[in-house]
Amino acid sequence: MAYDEAVAARIRSALPAAGTVAERRMMGALCFMVDGHMCCGVTGSALMIRVGQNGYAAALAKPHVRPMDIGGRQPKGFVLVDPEGYRTKAALQAWLRQALAFTAELAPKKPVRRSKV
């Protein structure tokens, strides 16, 4: 599935400069990694937000939010927010703050050493 580049640009401009932010195409989406952890992304025109298992039910209770689906699996801890749910700058920033707060609590990632072939 392709992703909406305009939504990706909005995420890029809204993510704070603190930490290391990297972009990675995976699962048919563009994912934003913060300090090595998947934080958020865009798939189609939906905003993908990592809320964690403890924030999952509360996030799903909000308007324009649905479970993320990967090949028939619904990983608890990730939700999709339809465009109406992040239409304003303030709404987008609120979702990103939630994802950043969750990823900030995760243990630091160890650098991956790749072997030379």
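Reader: Which residues does V81 touch, if those up to four places away in sequence are not counted?

Author: In this predicted model, V81 touches A46, L47, I49, H64, V65, Y86 and W95, once residues up to four places away in sequence are set aside. As a general idea, nonpolar side chains in soluble globular proteins tend to be buried together. Here the largest nonpolar core has 24 residues, and V81 is among those with the most contacts inside it, along with I11, C40, L47, I49, V79 and W95.

Reader: Which elements give two or more residues to this core, and which of them provides the largest share?

Author: The contributing elements are the helices α1 (5-14), α2 (52-60) and α3, together with the strands β2 (29-34), β3 (37-43), β4 (46-50) and β6 (78-81), and the largest share, 5 residues, comes from α3. A second core, separate from this one, has 9 residues, including C31, M38, M48 and M68.

Reader: Why do the buried residues of α3 lie on the same side of the helix?

Author: The general idea is that an α-helix has 3.6 residues a turn, so residues three or four places apart point the same way. In α3, which covers residues 89-104, the buried residues are L92, W95, L96, A99, L100 and T103; because they cover an arc of only 135° around the axis, they fall on the same side of α3. On the other side of α3, A90, R97 and A104 are exposed.

Reader: How should Q93 be read, given that it is found in helix α3?

Author: Q93 is partly exposed, because its relative accessible area is 28%, and its C-alpha lies 8.1 Å from that of L15, although the two residues are 78 apart in sequence.

Definitions and conventions
Residues are numbered from 1 along each chain as its sequence is written. This is a predicted model: local features need pLDDT of at least 70, side-chain atom pairs count only at pLDDT 80 or more; totals for chains, interfaces and linings use all residues. Side-chain values use heavy atoms; hydrogens and water are left out. Helices (H or I, at least four residues) and strands (E, at least two) are DSSP runs, numbered from the N terminus. The expected span of a helix is 1.5 Å times one less than its number of residues. Buried means under 20% relative accessible area, exposed over 50%, partly exposed in between (1.4 Å probe, protein chains only). The arc is that of the directions from the helix axis to the C-beta atoms. A nonpolar core is a set of buried Ala, Val, Leu, Ile, Met, Phe, Trp, Tyr and Cys residues joined through side-chain atoms within 4.5 Å. Contact means heavy atoms within 4.5 Å.
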